[in-house]
Structure formats: structure tokens, C-alpha cells
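Me: I am new to this structure. Please pick out one part of it, go through that part closely, and show how it sits in the rest.

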Amino acid sequence: MTAQVADSGKVALITGASRGIGYGVAEALVARGDRVCITGRNEEALQQAVQRLGADRAIGVAGKAHDEEHQAVAVQRTMEAFGRVDFLVNNAGTNPVFGPLAELDLAVARKVFETNVVSALGFAQRTWAAWQKENGGAIVNISSIAGLAPSPFIGAYGVSKAAMINLTEQLAHEFAPLVRVNAIAPGVVKTKFAQALYENREAEAAAPYPLGRLGVPEDIGGVAAFLTSEQSAWMTGQTVVVDGGLMLNAGVG
Ligand SMILES: NC(=O)c1ccc[n+]([C@@H]2O[C@H](COP(=O)([O-])OP(=O)(O)OC[C@H]3O[C@@H](n4cnc5c(N)ncnc54)[C@H](OP(=O)(O)O)[C@@H]3O)[C@@H](O)[C@H]2O)c1
């Protein structure tokens with residue numbers, strides 16, 4: 001698929017991209033001619049994803065998103081392989097708990113923040129220093145509609161995703177005018193991460209969505225491609241809700 005696509009000359013680093021939304025973003029960027037560095041914890045799954053994307057277009061660097069050494073190596077390997085890092089997509093995230101905030105283990109809360117928020121800042125600092133502060137580019141943070149309105153029993157996740165939205169605004173201000181920073185807030189997208197929310201009850205789970213279905217990774221990939229293209233050249237600090245219309249229900253009933 002990728003061999004025929006003209007090289008755009010642009011390069012993206014996408015965290016957590018061996019499957020799901022991150023992989024959907026990687027596919028969309030490779031399809032328009034970008035080269036990508038993808039990350040994930042499981043080396044084998046990562047290398048399989050690299051093969052699917054095309055080994056001439058993608059590299060993989062295994063590691064945990066919150067690990068600063070991994071962040072440094074991922075940016076360094078991207079620069080060595082492709083000579084630039086125009087775009088950063090902070091996608092790796094976690095939601096390890098389900099339950100009331102009143103009983104939440106604070107060590108778990110710290111882990112959620114470390115992976116979802118501090119990692120995104122760490123990667124942004126590094127792509128900024130390595131390339132973007134001199135040459136420009138764009139950053140896309142994958143937040144969630146859980147960061148825009150409370151979702152029962154995933155409180156720590158929601159707070160972390162809300163923090164990602166403010167991080168997006170802060171960085172957009174600080175990195176302007178050279179680097180644009182925007183976020184995407186998806187509704188439920190059919191991935192391993194969200195499986196428990198729709199498994200064996202997809203029609204029921206999709207019923208509140210005005211567009212009549214749950215999301216798929218390609219739905220987010222297309223918006224990430226837009227936010228890293230010249231077509232969004234006058235947008236920064238924004239959070240684009242991509243949720244099949246779910247949030248429209250807040251005004252109903
Ligand atoms: N799916 C949804 O409904 C939904 C909705 C809103 C927002 N989001 C957000 O979208 C992002 C991606 O979620 P997804 O649904 O695509 O999940 P997914 O299908 O489970 O994929 C997650 C990807 O990230 C990697 N990963 C997970 N934890 C990591 C870590 N600590 N460090 C590095 N890589 C890590 C995984 O590979 P390994 O397991 O090998 O590390 C995998 O490649 C998350 O930030 C999530 O909060 C998802």
C-alpha cells in the first residue's frame with residue numbers, strides 16, 4: 001500500500017501506536033506520505049505494526065511512555081532514522097481502575113497522571129528541543145470526552161484527560177507561533193482499551209450516539225491527519241470532539 005505513496009518529507013512520532021487509535025493515526029499519516037516512529041511496550045506487537053505500515057516508512061521504539069529514558073531514545077532514534085520530527089501525537093494512555101474516587105488508591109492516581117499527562121509533557125519537551133523549536137511542526141494530544149464531562153467510575157482518568165486539555169492550551173501558547181498544539185477528545189472507539197464498554201452489547205452501547213455507531217480508529221486518524229496538516233494552519237490550543245455526536249445529548253431531556 002505505502003510503496004506507491006509520494007514521500008511528504010514529514011515525520012511523526014506517535015506514542016502507543018502498535019494497535020488501536022495510535023495505529024489508526026499512524027496509518028493515516030503514512031497513507032499521505034509521512035514517515036513515522038511508533039512506540040508501545042510490547043516489542044513483538046510493535047514490530048508487527050511496523051511491518052504492516054511498511055518498514056520503509058516506519059520504525060518502532062519499545063518502552064513505557066512515562067519512562068524518561070525511553071522518551072529520549074524514541075526521539076533520538078526518530079532523528080537518526082529520518083532526520084527530523086515534525087509531529088508528535090501523544091496517544092499512549094492508561095485507565096487501570098474502575099470505581100469511585102472516594103476509594104481510589106492514590107498510588108494508582110499517580111500512575112494515571114504519570115502515564116497520561118506527565119508523559120505527554122515529557123515527549124513534547126523532547127520533540128520541541130530536538131526539532132520543533134527551530135523548524136516548527138504540530139503536536140496532537142489524544143484526550144477524551146471523559147476530560148470534558150464527568151464519567152462515573154473513571155474519575156482519575158477523566159481528571160487526567162482534562163489536564164491534557166489544559167496542557168494542550170498551555171503548550172499551544174508557549175510554542176506559538178512555530179508549533180501548533182491541539183487535542184482530540186474521542187467518544188468510545190472500538191479498541192482493546194475500550195472493549196469492556198461495548199463487548200457483547202455493541203448495539204446498546206451505540207444507541208445514544210446520534211451518528212448511530214461507535215467510533216473506529218480511522219475516525220480519529222483522519223482528524224489527527226487534519227491537525228498535522230496545513231489545512232489546520234490557523235488552529236492552535238483547541239480540543240476537537242470526535243464522538244459521533246454523543247456530547248449533543250447533554251442538551252437533551
Ligand atoms: N478507545 C476509546 O474509546 C478511547 C476514547 C477516548 C480516548 N482514548 C484514548 O486513546 C488512547 C489510545 O487508546 P486505545 O483505545 O487506542 O487503546 P489500545 O487499543 O489499548 O492501544 C493502546 C496502545 O498504546 C500502547 N500502550 C499502552 N500503554 C502504554 C504505555 N504505558 N506506554 C507506551 N505504550 C503504551 C499499547 O501497546 P502495549 O500494550 O504493547 O504497550 C497500544 O499500542 C489512550 O490515551 C486513551 O485514553 C480512547
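Reply: A starting point is N200, which is in the loop between helix 6 (195-198) and helix 7 (202-206). The model is predicted. In it, N200 has a phi of about 65 degrees, a positive value, although N200 is not a glycine. N200 counts as exposed because it has 7 C-beta neighbours inside 10 Å. The part to go through closely is strand 6, residues 179-186, where 8 of the 8 residues are buried.

First, the whole chain. The protein chain has 8 helices and 7 strands. Its C-alpha trace spans about 50 × 40 × 40 Å along the principal axes. A compact globule with 253 residues would have a radius of gyration near 18 Å, and the 17 Å of the protein chain agrees with that. Of the 253 residues, 47% are buried. Among contacts with a separation of 6 or more, 69% are between residues 24 or more positions apart.

Next, the sheet. The 7 strands form an open sheet with parallel pairing, and their order is 3-2-1-4-5-6-7. Strand 3 (58-62) and strand 7 are at the edges with a single partner strand each, so one side of each has no neighbour in the sheet. From one strand to the next, the twist averages 20 degrees. In the order of the sheet, strand 6 stands between strand 5 and strand 7.

Now strand 6 itself. Because 8 of its 8 residues are buried, strand 6 is largely enclosed by the rest of the structure. In a regular strand the side chains alternate between the two faces of the sheet. In strand 6, V179, V181, A183 and A185 point one way. R180, N182, I184 and P186 point the other way, and the residues of both sets are buried.

On one side, strand 6 is joined to strand 5 (residues 137-142) by 6 bridges, and the two strands run parallel. One of the pairs is I142 with I184, its bridge partner in strand 6. Between these two strands the chain passes through helix 5 (residues 155-175), and this β-α-β crossover is right-handed. Strand 5 is in turn joined to strand 4 (residues 87-90) by 4 bridges, again running parallel. There, N90 stands opposite N141 of strand 5. Helix 5 packs on the sheet and touches strand 5, strand 6 and strand 7. The direction of helix 5 makes about 165 degrees with that of strand 6.

The loops on either side of helix 5 each have a point to note. F153 is in the loop between strand 5 and helix 5. Its phi is near 75 degrees, a positive value in a residue other than glycine. F153 counts as exposed because it has 11 C-beta neighbours inside 10 Å, and the cut-off for exposed is 12 or fewer. P177 is in the loop between helix 5 and strand 6. A cis peptide bond, with omega about 0 degrees, joins A176 and P177.

On the other side, 4 bridges join strand 6 to strand 7 (residues 239-242), and these strands also run parallel. Here A185 of strand 6 stands opposite V241. In the loop between helix 8 (217-227) and strand 7 lies Q238. With 17 other C-beta atoms within 10 Å, Q238 is partly exposed. Q238 and N249 are 11 residues apart along the chain, and their C-alpha atoms are separated by 21 Å.

The segment after strand 7 contains G245. G245 counts as partly exposed, with 13 C-beta neighbours inside 10 Å. Leaving aside residues up to four places away in sequence, G245 touches Y209, P210 and L211. From G245 to V216 is 29 residues in sequence and 14 Å in space, C-alpha to C-alpha.

Last, the ligand. It is surrounded by 29 residues, and the closest are G16, G20, R41, G93 and F193. Helix 1 (20-31) and strand 2 (35-40) are the elements that give two or more residues to this shell. Helix 1 has the largest share, 3 residues.

To return to the part in question: strand 6 is a buried strand, joined by 6 bridges to strand 5 and by 4 bridges to strand 7, with helix 5 packed on the sheet and touching it.

Conventions
Residues are numbered from 1 along each chain as its sequence is written. This is a predicted model: local features need pLDDT of at least 70, side-chain atom pairs count only at pLDDT 80 or more; totals for chains, interfaces and linings use all residues. A residue is buried if 20 or more other C-beta atoms lie within 10 Å of its own, exposed if 12 or fewer, and partly exposed in between; C-beta atoms are placed from the backbone. Two strands pair if DSSP finds at least two bridges between them. A crossover is right-handed if, with the strands pointing away from the viewer, the path from the first strand over the helix to the second runs clockwise. The radius of gyration is taken over C-alpha atoms; the globule rule is 2.2 Å times the number of residues to the power 0.38. Two residues are in contact if their C-beta atoms, placed from the backbone, lie within 7 Å. Axes are lines fitted to C-alpha atoms, for helices over the stretch in contact, and angles run from 0 to 180 degrees between N-to-C directions. A residue is near a molecule or strand if its C-beta atom, placed from the backbone, lies within 6 Å of it.
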